[in-house]
Amino acid sequence: MSRAAGAGVARPLTVLVCALGGEGGGVLAEWLYGAAVRAGHAAQSTSIPGVAQRTGATTYYVEIHPAPADALGGRRPVFSLNPVPGAIDLLVSSELLETLRQVAAGMASAERTLVISSTARALTVAEKAAQGDGRADDARLLATLRRHCRAAELLDLGALAAQAGTVISAVMFGAIAASGVLPFGREPCEAVIRASGKGVDASLRGFALAFDAVTQRRAQRELVEQALAPE
């Protein structure tokens, strides 16, 4: 696990979640925090209010200590209230242009940040108001994103949510759990969804669809890397 430079102390895992209005970003942040606590890790969750619906996004920031709380010898980690540009381990976003807005703000780092982003678009007011085709070019957005993160998991999260009959936050949670970034596995994530008591079956379906999709992609990349590696 990554450590603070020169300190010899494990630093918190930093997760930034970006969601549009009504997509359940707050619920996702609560799930992440709850899963960490269930798995025995100290954690903290904060939010930065944005503008409702498509004119902006609300971001949710979660820090999780990588070591279990019972291994800290009674010490309590100190967490930050706000995300720091360039110091994000995992950036998760429900819409492609919102992902790039966070990249433009300096949140993603080519050395550190894994990005999980939906490839789907929800057009901005400026894109809709333009005379003619005012849409941002998806190919340019994706190329820019890949230059500013160490790796990216890109999939249509909205389509998976529709397939499962759930909200996109459950799908985002499944992708996060499969990313390999969290210091705990799938079980506490599904447990915290069950404990919520609301839309459990649909949420678990969406979670599983994204978890399986990301897991399969990671397995395929590992096979390719092994095949191309020099003997």
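Biologist: What share of the 231 residues in the protein is made up of buried residues?

Modeller: Buried residues make up 47% of the 231; buried means under 20% relative accessible area, exposed over 50%, and partly exposed in between, with a 1.4 Å probe and protein chains only. This is a predicted model, in which local features need pLDDT of at least 70, side-chain atom pairs count only at pLDDT 80 or more, and totals for chains, interfaces and linings use all residues. Residues are numbered from 1 along each chain as its sequence is written, and side-chain values use heavy atoms, with hydrogens and water left out.

Biologist: Why is T59 called buried?

Modeller: The relative accessibility of T59 is 9%, so T59 counts as buried under the 20% limit. T59 lies in strand β3, residues 57–68 (strands are DSSP runs of E, at least two residues; helices are runs of H or I, at least four; both are numbered from the N terminus). Beyond its neighbours within four places in sequence, T59 is in contact with L16, V17, C18, T46, S47, I48 and Q102 (contact means heavy atoms within 4.5 Å).

Biologist: What makes α6 largely enclosed by the rest of the structure?

Modeller: 11 of the 11 residues of α6 are buried, so the helix is largely enclosed. Among them are I168, M172, F173 and I176. After α6 comes G180, with a positive phi near 85°.

Biologist: How do α6 and α8 pack, and which residues make the contact?

Modeller: Helix α6 (residues 168–178) and helix α8 (residues 200–228) pack at about 35°, their axes 7 Å apart (axes are lines fitted to C-alpha atoms over the stretch in contact; angles run from 0 to 180 degrees between N-to-C directions). Residues making this contact include A170, F173 and A177 of α6 and F207, F211 and R218 of α8.

Biologist: Why is the protein called as compact as a globular protein of its length?

Modeller: Its radius of gyration is 18 Å, close to the 17 Å given by the globule rule for 231 residues, so the protein is as compact as a globular protein of that length (the radius is taken over C-alpha atoms; the rule is 2.2 Å times the number of residues to the power 0.38). The protein has 8 helices and 6 strands.

Biologist: What is the confidence in the model, and where does pLDDT stay under 50?

Modeller: The mean pLDDT is 87, and 92% of the residues reach 70 or more (pLDDT is the predictor's confidence in each residue, from 0 to 100). Over residues 1–8, pLDDT stays under 50. Where pLDDT is low, the predicted coordinates should not be read in detail.
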